[in-house]
Amino acid sequence: MRRCLVILIASILTIASPAGAYGTGGGSVDNDHVSVGVTVTFPGIDSPIDLSKGTSTQWLDWAVARETSRQGDLNGLCLPPQTDPAHVVLGVLFHVIGRDRATGAVVYDHWQCVPISAPGQRPGAPQPPQLPTVEEAWRAAHLPRPNILLDPATRGITGLDTRISTEPEGALQIAATVRGYTITGTATPTGYTIQVDDEPATTATNAHFVFETKGVHTIRVGVVWHGTATLTGPDLAQPITTDIGDATVTTTRQYQVNEIRSVLQP
Amino acid sequence: MWGRHSILVMLVLALAGCSSGHARSAAAPSTTLPPIASLASTTSTTVAKPRPLYSFDNSVPPPELLNTGTDYPRIAESLLAYSDWVLAHQPTDSALHEAVAVGSSIEKGIESDIRQLRERDRRLYEQTNAPDNLRLINATAHAAALRVVQHLVSRTLIDRDGHIVDRLSAGETTFNVLLSQDSNDRWYLAAVDRVS
């Protein structure tokens with residue numbers, strides 16, 4: 001009679017729950033075997049923006065044109081707010097236009113009168129408002145990092161089904177103040193991905209996977225958020241409402257997979 | 001269309017300072033460039049003459065300029081055609097400012113190029129194999145944004161003797177075009193940015 005001896009090589013991997021909010025959104029949060037990354041895709045930007053990097057992606061495309069003629073004025077001259085009634089200062093009109101980088105739509109359309117500081121000298125074009133960057137807007141969103149739920153929870157077994165899932169998220173309100181600008185908006189989850197090692201990602205909130213090899217495997221769960229926001233600020237003549245692209249928050253964790261081997265003994 | 005500035009830069013580099021921009025022509029594409037006189041001589045009197053691709057003698061009048069109203073695609077089409085005419089036929093600042101907003105990035109980007117075309121006695125024209133597709137994105141009180149798909153075949157820099165100085169082949173290209181309206185209700189090109 002043969003006796004079956006099961007040799008179980010078990011190493012229990014203890015993983016802290018990644019359920020908490022994703023702090024500043026500024027990069028990776030290492031917690032032993034769990035890490036979180038946020039990348040933003042933005043129309044007009046070729047490669048995804050890593051929020052942990054020090055990039056500063058402009059929210060809008062600005063265009064400034066000088067007014068050449070205006071009824072009642074002389075060749076685009078205008079009257080800026082006066083500080084000294086006894087000394088009238090003229091200005092030059094500029095057309096400041098901001099376009100949504102995602103759609104190309106005009107979202108800011110304003111004429112600005114720039115005072116002539118020295119007689120006979122044409123003032124330079126005004127600087128467009130220095131809006132918060134795309135990175136700042138997404139960091140302000142405080143996107144939660146997705147949970148990775150595993151069954152078996154702590155380690156898998158080769159040849160057996162491992163269930164991987166994440167909890168669906170609801171829409172989030174964005175409310176922040178960045179350098180004097182107020183950002184209000186909404187981030188809405190639009191997609192979920194589950195990926196094991198270098199296998200193609202599954203677009204779903206849950207998946208089944210059968211590991212064929214023992215060892216440490218990498219599991220990534222991503223949530224794609226789409227954001228829209230409205231900006232107001234002291235130097236904005238009108239609120240700006242734009243698309244702020246998509247942000248993908250990815251939680252990555254290592255998952256131990258063991259092998260169960262049957263050994264026949266006499 | 002000058003704002004198609006990335007290609008402009010390519011030409012600038014290729015030609016060591018001799019510029020470019022964008023000129024489009026309604027004439028049929030051809031692989032060899034006939035001189036203007038040749039173009040004219042092959043045209044019968046009963047058929048409308050094709051518009052020369054380029055000229056150096058101010059003999060080609062500008063296209064009709066539609067720069068008022070709210071038909072934004074037609075306005076943009078007209079301004080772009082006018083800007084093409086400037087590069088292919090009359091590279092002067094005054095002609096430029098009929099279609100381009102003063103002080104805009106597109107004006108800054110093209111002004112020196114126009115000067116070089118003038119000083120080096122060259123012209124730049126484009127050939128397309130289909131009309132542009134223009135679609136309004138949105139419009140506000142004094143600005144309008146459009147998406148333009150250009151079916152560009154080639155962009156050619158040519159000298160007065162008809163020698164091709166440089167020619168770039170191109171394909172379908174998409175641009176975002178921004179129009180700015182002045183207080184006299186006239187529209188101008190304020191930006192032309194390639195998006196694909």
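**Interface between chains A and B**

In the predicted model, chain A and chain B bury about 1700 Å² between them, and 52% of this area lies on carbon and sulfur atoms. The contact involves 18 residues of chain A and 26 residues of chain B.

Polar interactions across the interface were then examined. The count of salt bridges between chain A and chain B is 1. This salt bridge joins the side chains of Arg99(A) and Asp193(B), with an N to O distance of 2.5 Å. In addition to the salt bridge count, 9 residue pairs in polar contact are found across the interface of the two chains, both residues of each pair being at pLDDT 80 or more. On the side of chain A that touches chain B, at least two residues each are supplied by β4 (60-66), β6 (91-100) and β7 (106-115) of chain A. The largest share of that side comes from β4(A), which provides 4 residues. By residue class, the side of chain A that touches chain B consists of 7 nonpolar, 6 polar and 5 charged residues.

Within chain B, the surroundings of Pro62(B) were also considered. Pro62(B) is located in the loop that runs between α2 (36-41) and α3 (72-89) of chain B. Because its relative accessibility is 37%, Pro62(B) is classed as partly exposed, the limits of that class being 20% and 50%. Leaving aside residues up to four places away in sequence, Pro62(B) touches Arg51(B), Tyr82(B) and Trp85(B). The C-alpha atoms of Pro62(B) and Glu98(B) lie 11 Å apart in space, with a separation of 36 residues in sequence.

Terms used
Residues are numbered from 1 along each chain as its sequence is written. Chains are lettered from A and ligands numbered from 1 in the order in which they are written. This is a predicted model: local features need pLDDT of at least 70, side-chain atom pairs count only at pLDDT 80 or more; totals for chains, interfaces and linings use all residues. Side-chain values use heavy atoms; hydrogens and water are left out. Contact means heavy atoms within 4.5 Å. Buried area is the accessible area (1.4 Å probe) that two parts lose on being put together, summed over both. A salt bridge is a side-chain nitrogen of Lys or Arg within 4 Å of a carboxyl oxygen of Asp or Glu. A polar contact is a pair of N or O atoms within 3.5 Å; within protein, one must be able to donate a hydrogen and the other to accept it, and residues adjacent in sequence count only if both atoms are side-chain atoms. Ala, Val, Leu, Ile, Met, Phe, Trp, Tyr, Cys and Pro count as nonpolar, Asp, Glu, Lys and Arg as charged, and the others, Gly among them, as polar. Buried means under 20% relative accessible area, exposed over 50%, partly exposed in between (1.4 Å probe, protein chains only).
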